[in-house]
Amino acid sequence: MKRAKIKDLLDRKEERQEVLVKGWVRTRRDSKGGFSFIELNDGSCLANIQVIAEHSLKNFLELDKQITTGSCMAITGKLVISQGKGQKMEIQSAGIELYGTADAETFPLQKKRHSFEYLREIAHLRPRTNTFGAVMRVRSRLAYAIHQFFNDRGFVYLNTPIITTSDCEGAGEMFQVTTLDPDCLPKVEGKIDYAQDFFGEKTSLTVSGQLEGEIYASALSDIYTFGPTFRAENSNTSRHLSEFWMVEPEMAFYDLDDDMDLAEEFIKYLFVDALENCSEDMEFFNQRIDKTIIETLQHIIDNQFERLTYTEAIQRLQKSKETFSYPVEWGCALQAEHERYLSEIVFKKPIIVFNYPEKIKSFYMKLNKDDKTVRAMDVLLPKLGEIIGGSQREENYDTLLKRMKDAGLDPKHYWWYLDLRRFGTAPHSGFGLGFERLVQFVTGMENIRDVIPFPRTPKHAHF
Ligand code: 4AD
Ligand code: MG
């Protein structure tokens, strides 16, 4: 007999003479009437299927002590409409085959709820909890919806390199990739001789696929990347990972307004998709993680994002009676507290801040006519803060060269990037969306470490 997934059985309306399910026992309850209730889960959905096992069953007494929380088994039986509360269908067991036991003394996931901090220490077992099952199903669905969104709009999915020689954000927060022996580095005139390294030059893990994305947008018009990104910044916050996934669309012939339109449409599309296609898991988050999450997502879907310039944002902040730990003046970077104040208190919805001072943004952003600001935009969500950063790109060769030099970058390393401005340059724009921040916002989870299977953060890459 072919194994059925629990989700498919729970969705059925008719009874079936014989079914086979396989999964892990979540709980077991014994009844005085000579039978036990076994709650079985196989991860196909949040709900368990209830199995009723008569103690008179052939090998039940033999297995009895091994049917414990965490054990793994295959169960055959009859699928029937449940007479009890809480489930539509249940299985009257006709046979049990035990695959793996889980000793009740040592298996950590017993009935009590564990803290997320503790669960991070058992990252190999936490997927077997309701919360992590739900988070990973939503994460997977969102990844699918991202591909669908861009595919439907004729974007080409592009894989940009993970090992790179350029620092896209120019912030120097890169993990180096080398096969040189740190205890015995080859040197020429006191400096490390990277000519002897694996690639013959200094290489790192990418912080963004944007620059390579621009190459392909300059030929295919609309592309997007969706891949792992690495940042060696020492940020120990609930919104930062050292290894995270980023979605980066890049579009020829888009100006900043087009870019902001796409970003807003994209976020709303993903929220709608999660509500429609992950309703069981979303109900769970709404009950157990954040009681306002469904309402919040719906409110965002139904309303326009507020768009304001950086200069307007600064004025708003200066006029407010709020005391901030970081003082506000034109030219300063917006801190999380400023971003949250604007989106949570002032506008009570997502905001897009654009036209930032040139000095606090990356070299590739298009300089405005005022010579002081660049066509950058950040999408900020209430509670979370920045989810998207993007810009129109500088397509003028001379201006870009000057911005690069001002930023202390060596144009020699970026000759190919400059070439895009020498041959058939085009106005173009793009943005990057942090995938884990998206999952975090949609699920209402407090900490970004709990929405990625294996979080990497400063001093933590164990597993
Ligand atoms: O704003 P960022 O640094 O922008 C770029 O990398 C551009 N090259 C994107 C582009 O225009 N193609 O990063 C983009 C997004 C942020 O808004 C945030 O959501 C996420 O990536 N992000 C992080 N997420 C988790 N952990 C970190 N350390 C992150 N750093 C950025
Ligand atoms: Mg940013």
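Q: Which atom of ligand 1 is 2.8 Å from a polar backbone atom of Ile-387?
A: A polar contact is a pair of N or O atoms within 3.5 Å; within protein, one must be able to donate a hydrogen and the other to accept it, and residues adjacent in sequence count only if both atoms are side-chain atoms. Here the partner of the polar backbone atom of Ile-387 is an oxygen atom of ligand 1. The model is predicted: local features need pLDDT of at least 70, side-chain atom pairs count only at pLDDT 80 or more, and totals for chains, interfaces and linings use all residues, while side-chain values use heavy atoms, with hydrogens and water left out. Residues are numbered from 1 along each chain as its sequence is written; chains are lettered from A and ligands numbered from 1 in the order in which they are written.

Q: Which atoms of ligand 1 face the side chains of Arg-231 and Gln-210?
A: A polar side-chain atom of Arg-231 lies 2.8 Å from an oxygen atom of ligand 1. For Gln-210, a polar side-chain atom is 2.7 Å from a nitrogen atom of the ligand.

Q: How much of the area that ligand 1 exposes when taken alone does the protein bury?
A: Accessible areas come from the Shrake-Rupley method with a 1.4 Å probe; for residues, only the protein chains shown count as cover. Ligand 1 alone exposes 630 Å², of which the protein buries 93%.

Q: Where does ligand 1 sit, as read from the space it takes?
A: On a 1 Å grid over the protein atoms alone, a pocket is an open set of points with protein on both sides within 12 Å along at least five of seven lines, and lining residues have an atom within 4 Å of a point. A molecule sits in a pocket if more than half of its atoms lie within 2 Å of its grid points. The space taken by ligand 1 is the largest pocket. Strands S13 (243-252), S17 (385-392) and S18 (428-434) are the elements that give two or more residues to the shell around the ligand. S17 gives the most, with five residues. Helices (H or I, at least four residues) and strands (E, at least two) are DSSP runs, numbered from the N terminus.

Q: How many residues surround ligand 1, and how do they divide by type?
A: A residue is near a molecule if one of its heavy atoms lies within 4 Å of it. There are 25 residues around ligand 1, and the closest are Glu-169, Gln-210, Arg-231, Glu-248 and Glu-386. The shell divides into nine nonpolar, eight polar and eight charged residues. In this scheme Ala, Val, Leu, Ile, Met, Phe, Trp, Tyr, Cys and Pro count as nonpolar, Asp, Glu, Lys and Arg as charged, and the others, Gly among them, as polar.

Q: Is Glu-214 buried or exposed?
A: Buried means under 20% relative accessible area, exposed over 50%, and partly exposed in between (1.4 Å probe, protein chains only). Glu-214 is found in helix H5 (residues 210-220) and is buried, because its relative accessible area is 0%. Its side chain makes a polar contact of 2.7 Å with the side chain of His-428.

Q: Which side chain does Asp-450 join through a polar contact?
A: Asp-450 lies in the segment after helix H13 (435-443). It counts as buried because its relative accessibility is 1%. A polar contact of 2.9 Å joins its side chain to that of Arg-120.

Q: Which side chain makes a polar contact with that of Asn-159?
A: Asn-159 is in the loop between strand S6 (156-157) and strand S7 (163-164), and it is exposed, since its relative accessible area is 59%. Its side chain makes a polar contact of 3.3 Å with the side chain of Tyr-157.

Q: What is the sign of phi in Glu-189 and in Lys-348?
A: Most residues other than glycine have a negative phi. Phi of Glu-189 is near 50°, a positive value; that of Lys-348 is near 55°, also positive. Glu-189 lies in the loop between strand S9 (187-188) and strand S10 (191-192) and counts as exposed because its relative accessibility is 80%. Lys-348 lies in the loop between H10 and strand S15 (351-357) and counts as exposed at 55% relative accessibility.

Q: How far apart in space are the C-alpha atoms of Arg-16 and Lys-78?
A: These C-alpha atoms are separated by 6.0 Å, although the residues are 62 apart along the chain. Arg-16 belongs to strand S1 (residues 16-31) and is partly exposed, with a relative accessible area of 32%.

Q: How many helices and strands does the chain hold?
A: The secondary structure comes to 13 helices and 18 strands. Of the 463 residues in the chain, 51% are buried. Along the principal axes, the C-alpha atoms fill a box of roughly 85 × 55 × 45 Å.

How values were computed. On a 1 Å grid over the protein atoms alone, a cavity is a set of points where a 1.4 Å probe fits but cannot get out, and a pocket is an open set with protein on both sides within 12 Å along at least five of seven lines; lining residues have an atom within 4 Å of a point.
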